[in-house]
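Visitor: I am new to this structure and would like a close look at a single part of it. Please take me through that part slowly.

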Amino acid sequence: MDLYPLYNSLRIAFFSTIIIFFSGIFFAYYVAKLPRLVKGILDVVLTLPLVLPPTVVGYFLILVFGVRTPIGGFLNRLGIRVVMTWYGGILAASVVAFPLMYRTARGAFEAFDENLSHAGKTLGLSNSYVFWHIRMPACRDGIIAGVVLSFARALGEYGATSMLIGYTPGRTATISTTVYQLWRINDERSAFIWVLVNLAISAVVLLAVNLLEDKRRRR
């Protein structure tokens with residue numbers, strides 16, 4: 001059994017989760033401070049990949065990063081090819097899973113007691129210190145839940161990934177695209193094995209989320 005789809009799915013999910021973690025926290029923190037109208041507009045834009053069909057997201061990514069587009073052509077001249085490469089899957093998974101991290105982190109930040117932040121500043125603590133040592137620990141459960149959900153979404157991503165990087169055994173194959181290809185050639189036994197692998201990973205992720213929720217309720 002070729003384990004490349006598992007390895008490729010895990011590394012795509014891992015790297016995309018790192019990108020999502022920092023970008024999601026950045027936008028969640030600063031958008032929460034904006035005026036209501038601006039916040040509403042940005043909310044729509046940043047959350048749109050969550051409600052759009054993943055294939056539509058993949059199509060937009062091709063329009064932006066395809067080799068015949070200005071951005072894609074520029075990156076190609078630099079030796080960076082996004083389409084039909086495994087690291088293009090990182091981009092696709094990051095865009096699709098980003099709203100989960102953003103919405104979860106923003107909810108955690110909005111529930112944060114700002115009096116703690118003001119108290120820290122009156123003691124002479126810097127904004128960065130207050131953020132990383134006061135705000136982030138207080139919002140830890142929500143942040144971790146966002147990370148776990150984003151990882152799970154990136155791991156199971158199919159639509160945008162298949163549009164942007166396709167399916168090439170040993171190069172761009174993921175668990176989701178492998179299941180489809182095996183089903184397409186009537187190898188249902190192998191497809192079912194990969195389905196079980198994905199189910200097992202998803203169950204572990206959901207269990208982790210439930211444990212975090214139980215911990216939050218007890219607090």
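Visitor: Which helix gives the largest share of the nonpolar patch?

Guide: Please keep in mind that this is a predicted model, in which the average pLDDT is 89 and 99% of the residues score at least 70. The helix you are asking about is α3, which spans residues 54–65 and supplies four residues, the largest share of the nonpolar patch. The patch lies on the surface and is formed by Tyr59, Phe60, Leu63, Val64, Ile71 and Met163, which together have about 530 Å² of accessible area. One of these residues, Val64, is found in helix α3, and Val64 counts as partly exposed because its relative accessibility is 34%, a value that lies between the 20% limit for buried residues and the 50% limit for exposed ones.

To set this surface patch beside the interior, it helps to recall that nonpolar side chains in soluble globular proteins tend to be buried together. Here the largest nonpolar core has 25 residues, among which Ile25, Phe109 and Ile143 touch the most other members. Two or more residues of this core come from each of α1, α5 (86–110), α7 (127–138) and α8 (140–155), with α5 giving the largest share, nine residues. If neighbours within four places in sequence are left aside, the contacts of Phe109 include Ile25 and Ile143, as well as Ala28, Tyr29 and Phe131. There is also a second, separate core of eleven residues, with Val57, Phe65, Ala92 and Val96 among them.

Key:
Residues are numbered from 1 along each chain as its sequence is written. This is a predicted model: local features need pLDDT of at least 70, side-chain atom pairs count only at pLDDT 80 or more; totals for chains, interfaces and linings use all residues. Side-chain values use heavy atoms; hydrogens and water are left out. Patches are made of residues with over 30% relative accessible area and no salt bridge: like charges are joined within 9 Å, nonpolar side chains (Val, Leu, Ile, Met, Phe, Trp, Tyr) within 5 Å. Accessible areas come from the Shrake-Rupley method with a 1.4 Å probe; for residues, only the protein chains shown count as cover. A salt bridge is a side-chain nitrogen of Lys or Arg within 4 Å of a carboxyl oxygen of Asp or Glu. Buried means under 20% relative accessible area, exposed over 50%, partly exposed in between (1.4 Å probe, protein chains only). pLDDT is the predictor's confidence in each residue, from 0 to 100. A nonpolar core is a set of buried Ala, Val, Leu, Ile, Met, Phe, Trp, Tyr and Cys residues joined through side-chain atoms within 4.5 Å. Contact means heavy atoms within 4.5 Å.
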